[in-house]
Every structure is written in structure tokens, then in C-alpha cells.
Amino acid sequence: MASFTVDILVPVWNRPVETRTCLVSLVESAPEARLVLIDNGSDRETERLLEEFAERLGDRALLIRNDTTRGFVPAVNRGLSRAEAPFVVIVRNTTVVAPGWLEPLVELATARPEAGLVIPLLAQETGTPRRGRVKPAATVTEISHGSFAAMLIRRSLFERMGGFDEELDGDLWCLRDYSRRALAGGCLTLAAEGVPVVFRDEVLLGSPARRQELVGASAARVEARWGREASFLVYFPADADPEVVRTRFGVLLRAARMGHRVTVAIGCKLRRAVSAAGLGSLHRSIVVEELPRFFVPSALRRVAERYAAEGSDPVCVAGIDGIDLPGGMSFRPFAWFEGEVGASEEVLYRRDGEGNPVTAPADCVTVMLSEAARQGDEREEVAQ
């Protein structure tokens with residue numbers, strides 16, 4: 001049997017037209033990869049289509065059949081259990097790829113041993129053809145979770161950590177959970193820009209009420225495992241030492257890896273230093289906001305109010321302890337923030353003597369946002 005560097009998993013449940021388009025694009029753009037087709041109890045038309053592709057591709061294809069529809073995530077897990085290549089890529093059957101999309105993922109995973117999951121540049125379908133676009137310069141950044149539209153997984157990660165949680169929603173919370181598990185196992189989730197991979201929004205099955213119930217239960221389960229994802233607004237004064245700021249960004253990155261959203265508010269001169277050091281592109285959950293030279297307090301309040309209006313009321317943190325802070329806002333010291341990050345890592349992401357992750361019980365979880373919000377409420381009561 002031929003040996004492949006990449007196995008591409010395509011779970012399929014009906015939708016023969018979209019499935020054919022997806023498979024044709026994969027065959028044309030990834031001639032060195034093997035296609036692992038998981039027939040998830042499809043109708044006869046789709047079944048014949050998969051048989052046709054498997055027969056024509058020969059050793060380049062493996063057809064796996066489920067007699068009944070078992071759900072998308074169980075189909076993914078079955079495909080992962082049959083994968084043999086060092087890198088496994090999950091692709092939905094409604095996704096369309098173009099030549100050059102796969103190479104950046106494999107190159108990044110090869111160059112970065114800590115990369116457990118790698119996501120391509122994803123472009124939502126708009127009705128305008130995107131295939132054949134010129135490949136832009138590749139950049140790499142960390143992200144909070146992957147995507148089932150297209151995602152590379154290092155097979156050794158799956159062998160250590162197992163598959164996706166089939167009890168979760170099969171979408172956002174399932175993906176967040178897996179990236180947190182990967183982080184506990186010492187692996188990162190990275191995005192490699194390159195040739196766009198076009199995806200289509202999935203049609204959600206079942207009643208809206210049942211779906212909402214599942215999403216709510218999934219959110220509660222993931223938060224019990226990994227803590228609540230919080231939002232922080234970190235302020236650095238214009239005269240802050242760039243080297244100190246660089247060091248503090250290391251702490252911000254650790255928080256972002258755990259799913260927290262961090263907005264860094266800094267002045268123009270400091271922003272240039274941050275950009276030159278590449279700190280602004282460490283993680284997509286770290287956003288740098290440039291403050292004006294004058295009226296800093298009002299600018300900070302506007303940033304905080306904007307995020308609060310979006311449903312993520314941020315906890316304000318002073319980037320440099322002991323500095324004069326803008327009036328009218330309450331800031332937590334950076335020492336507190338760093339301590340909470342370290343405590344969460346110890347409780348949620350610690351590993352045993354053999355390097356295996358040790359998941360903490362739910363009642364031991366440190367949730368920074370809840371604690372900060374409680375203290376904020378206490379301060380407001382005192383002020384009143």
C-alpha cells in the first residue's frame with residue numbers, strides 16, 4: 001500500500017452535488033494526499049458517488065461506511081481512528097479548495113512541532129468564484145480554536161488526546177474544547193494564511209429549541225472544564241518601557257491561549273514599537289487599540305463601552321503597576337492578572353509526571369471574570 005503524508009477526511013451525509021464539487025477540488029489540488037471518505041448513512045445517490053470516487057482513486061482513497069447516520073463528530077472520530085498519515089485534514093463536504101491550499105498547512109506543521117492544529121485561510125462563500133486566486137504572502141498567528149470547514153490535526157495529538165467530544169454541540173464549543181485539550185497536551189492551534197478555502201454555512205438540523213438546549217449544555221460543560229472565557233482591557237501608558245511591554249505580552253498570550261479576549265490600549269509611539277516587534281499578531285484574541293495623544297480617559301471608556309455593548313464587558317487591567325491611571329475607571333493591577341493566569345494554568349492545564357494533562361474538577365476551576373466581576377460589584381456597593 002502507498003504511504004501518504006496527509007490523509008484528508010471527508011465526512012459525507014447526502015448533498016451529492018456539493019460533495020462532488022468538494023471531492024473534485026480535493027483530487028485536483030492534493031494529488032499526494034489520500035482521501036478518507038466517511039459515508040455517514042447517505043442516500044443511494046450519494047453512496048454511488050462515493051463508490052465511484054473510491055474506485056477511480058484506488059489506493060488514493062479509503063471508503064468507510066456507517067449503516068446509519070451517527071452525526072458529524074462521530075463520523076470525524078471514526079475517520080481519525082482509521083487515519084495512517086502523520087497529518088490528518090478534516091474537510092466538510094460543502095467546502096471547496098484550490099491548488100496551493102494544503103502546502104502551507106503541512107509546511108507549518110512540519111516546521112512547528114508544537115502545532116497540534118493548523119487552520120487555513122477560510123473565506124465564506126459569497127457567490128463569487130474564488131478558485132485560482134493568487135496566493136498571498138503567508139503569515140502565521142495563533143487562534144483560539146479550529147474549524148470543521150477545514151483543519152489539519154497532527155495524528156500524534158489524536159493518538160494522545162483522543163477524538164472530539166461527541167456529547168458537545170459539534171460546532172463552536174466542541175472545537176473550543178479540543179483546542180483547550182490540545183493546549184493541555186502542549187500543542188497550539190495556529191492559522192496559516194494562504195490560498196483561501198471557501199466554505200458554506202451549515203444547515204443546522206433539529207428544532208431551534210433543541211439546538212439551543214444542546215448549545216447551552218455544551219457551553220456549560222466546556223466552561224466547567226476550562227473556566228469561563230473572559231474579556232480584559234489592558235492599558236499601557238505612552239511612556240511605558242517597550243521591553244517591559246514586550247515581557248507583559250507574553251502573559252497576555254498565555255491568557256489568550258486559554259480562550260480569553262485581550263484588548264491592549266496603547267499610545268501611538270508605543271503602538272509602533274509593538275508592531276515592529278510583531279506583538280500585534282501573536283494571537284487573534286489579542287487586539288491592539290491605539291489611543292489618541294489627548295483625552296485618554298474618554299478614549300478608554302469608549303473602548304470599554306464598545307466591548308460591553310457587544311456582550312463582553314471587559315475587566316480593566318493596568319499594564320504597568322504603580323502608574324497614574326486615567327480617572328473614572330477601576331483598574332486591577334497587572335500582578336493580579338499575571339497571578340490569575342498562572343493559577344488557571346496550574347489548575348486547568350497542569351500535567352502529571354508523564355506529561356499527561358490532568359483535568360481539574362469543576363469546583364476547583366479559577367474563573368478570572370467571575371472573581372473580577374464580584375469584586376467590581378462590591379466596589380460599586382461601597383461607592384453607593
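Which residues point one way from strand 2, and which the other way? Arg34, Val36, Ile38 and Asn40 go one way, Leu35, Leu37 and Asp39 go the other way, and all are buried, buried being under 20% relative accessible area, with exposed over 50% and partly exposed in between (1.4 Å probe, protein chains only). In a regular strand the side chains alternate between the two faces of the sheet. Strand 2 is thus a mostly covered element, with 7 of its 7 residues buried.

A word on the ground rules. The model is predicted, so local features need pLDDT of at least 70 and side-chain atom pairs count only at pLDDT 80 or more, while totals for chains, interfaces and linings use all residues. Residues are numbered from 1 along each chain as its sequence is written, and side-chain values use heavy atoms, with hydrogens and water left out. Helices (H or I, at least four residues) and strands (E, at least two) are DSSP runs, numbered from the N terminus.

Strand 2 belongs to an open sheet of 8 strands, ordered 3-2-1-4-7-5-8-6 with mixed pairing; two strands pair if DSSP finds at least two bridges between them. Strand 3 (61–66) and strand 6 (140–142) sit at the edges with a single partner strand each, so one side of each has no neighbour in the sheet. From one strand to the next, the twist averages 25°. Strands 1 and 2 run parallel, joined by 6 bridges, and Ile8 stands opposite Leu35 in strand 2. Over at strand 6, the pairing with strand 8 (residues 188–199) is antiparallel, over 3 bridges, and Val140 faces Ala192 in strand 8.

Two helices pack on this sheet. Helix 3 (residues 72–82) lies across strand 1 (6–12), strand 2 (34–40), strand 3, strand 4 (87–91) and strand 7 (150–154), at about 135° to strand 3. Here axes are lines fitted to C-alpha atoms, for helices over the stretch in contact, and angles run from 0 to 180 degrees between N-to-C directions; contact means heavy atoms within 4.5 Å. Helix 3 is mostly covered, with 8 of its 11 residues buried, among them Phe72, Val76 and Leu80. Helix 4 (residues 103–111) touches strands 1, 4, 5 (115–124), 6, 7 and 8, and its direction makes about 155° with that of strand 5.

Within strand 7 sits Met151, which is buried at a relative accessible area of 0%. Leaving aside neighbours within four places in sequence, the contacts of Met151 include Val88, Ile90, Leu117, Ile119, Phe164 and Leu175. The C-alpha atoms of Met151 and Ala191 are separated by 9.4 Å, though the two residues are 40 apart along the chain.

A second open sheet has 5 strands in the order 11-10-9-12-13, with parallel pairing. Strand 11 (286–291) and strand 13 (332–333) are its edge strands, each pairing on one side only. Strand 10 (residues 261–267) pairs with strand 11 over 6 bridges, and Val264 stands opposite Val288 in strand 11. Helix 8 (residues 242–257) lies across strand 9 (231–235), strand 10 and strand 11, at about 135° to strand 11.
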